[in-house]
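Visitor: I am new to this structure and should like to learn how to read it. Would you kindly guide me through some of its features?

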Amino acid sequence: MSRYMMNKFIRAVEMSTANVNAYVADTEGFVAGWLAGGAGPDAVADDRVLTPEERTAFVNRDYGVLYGLGAHPYLLWHFTEAVYEHEYTEGFGWRELVERYRAAIIPYGEVDDIP
């Protein structure tokens, strides 16, 4: 497990609208590009490693599994909110996204209150 790298990836996506859009448009390609050092604000880093389970969770955009693997709850919530922005504004509301997030992470432990 590489919590540091998971959180670094989450931050790289969440902190840039361009990266959020690229990740949503081609999730698997973005993950591969980030691991190769070609995406995100720290593009020069050569220490990028994710376990196969972590990589699959990012490719599947499965925030419940990411939480279970140790992603930081604060970073993960903002990542989830950014990645699912188009879906929750077009398909369902923000409150439903919060409820889906809680339901996905609650099996892994205590859930922080999300306003």
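Guide: The following conversation takes up a helix, a helix pair, a set of salt bridges and a loop residue in turn. Please keep in mind that this is a predicted model.

Visitor: Let us begin with a single helix. Which residues of helix α2 are buried?

Guide: Helix α2 spans residues 17-25, and its buried residues are Asn19, Val20 and Tyr23. They lie on the same side of α2, because the arc they cover around the axis is only 105 degrees.

Visitor: Which residues are exposed on the other side of α2?

Guide: There one finds Thr17, Ala18 and Ala25, which are exposed.

Visitor: Against which helices do the buried residues of α2 pack?

Guide: Their partners are four elements: α1 (3-14), α3 (27-35), α4 (52-59) and α6 (73-83).

Visitor: How should I describe two helices that pack together?

Guide: The description of two packed helices rests on the angle between their axes and on the distance between those axes. In this model, α1 and α6 provide a case: their axes are 9 Å apart and the packing angle is about 40 degrees. The two helices, α1 and α6, are therefore oblique to each other.

Visitor: Is the crossing of α1 and α6 left-handed or right-handed?

Guide: The crossing is left-handed. On the α1 side, the contact is made by Asn7, Phe9, Ile10, Val13 and Glu14. Helix α6 contributes Leu75, Leu76, His78, Phe79 and Val83.

Visitor: I should now like to turn to charged side chains. How many salt bridges are counted?

Guide: The count comes to 3 salt bridges, where a side-chain nitrogen of Lys or Arg must be within 4 Å of a carboxyl oxygen of Asp or Glu. One of them joins Glu96 and Arg100, with an N to O distance of 2.7 Å. Both residues lie in helix α8, 4 residues apart, which is about one turn of the helix. Glu96 is partly exposed, at a relative accessible area of 37%, and Arg100 is likewise partly exposed, at 38%.

Visitor: Which residue does Arg95 meet in a salt bridge?

Guide: The side chain of Arg95 meets that of Glu99, at 3.8 Å from N to O. This pair also belongs to helix α8 (residues 94-105), with 4 residues, about one turn, between the positions of Arg95 and Glu99. As for accessibility, Arg95 is partly exposed at 44%, and Glu99 is partly exposed at 39%.

Visitor: What is the distance in the salt bridge between Glu99 and Arg102?

Guide: The N to O distance for Glu99 and Arg102 is 4.0 Å. These residues are 3 residues apart in α8, again about one turn of the helix. Arg102 is partly exposed, with a relative accessibility of 23%. Through shared partners, salt bridges join Arg95, Glu99 and Arg102 into one network.

Visitor: Finally, what should I know when I inspect the backbone angle phi?

Guide: Most residues other than glycine have a negative phi. In this model, Arg61 has a positive phi of about 55 degrees, although it is not a glycine.

Visitor: Where does Arg61 lie?

Guide: Arg61 is found in the loop between α4 and α5 (63-68).

Visitor: Is Arg61 buried or exposed?

Guide: Arg61 is buried: its relative accessible area is 16%, and residues under 20% count as buried.

How values were computed. Residues are numbered from 1 along each chain as its sequence is written. This is a predicted model: local features need pLDDT of at least 70, side-chain atom pairs count only at pLDDT 80 or more; totals for chains, interfaces and linings use all residues. Side-chain values use heavy atoms; hydrogens and water are left out. Buried means under 20% relative accessible area, exposed over 50%, partly exposed in between (1.4 Å probe, protein chains only). The arc is that of the directions from the helix axis to the C-beta atoms. Contact means heavy atoms within 4.5 Å. Axes are lines fitted to C-alpha atoms, for helices over the stretch in contact, and angles run from 0 to 180 degrees between N-to-C directions. Angles under 35 degrees count as roughly parallel, over 145 as roughly antiparallel, 65 to 115 as roughly perpendicular and the rest as oblique. A crossing is left-handed if the near helix is turned anticlockwise from the far one by less than a right angle, and right-handed if clockwise.
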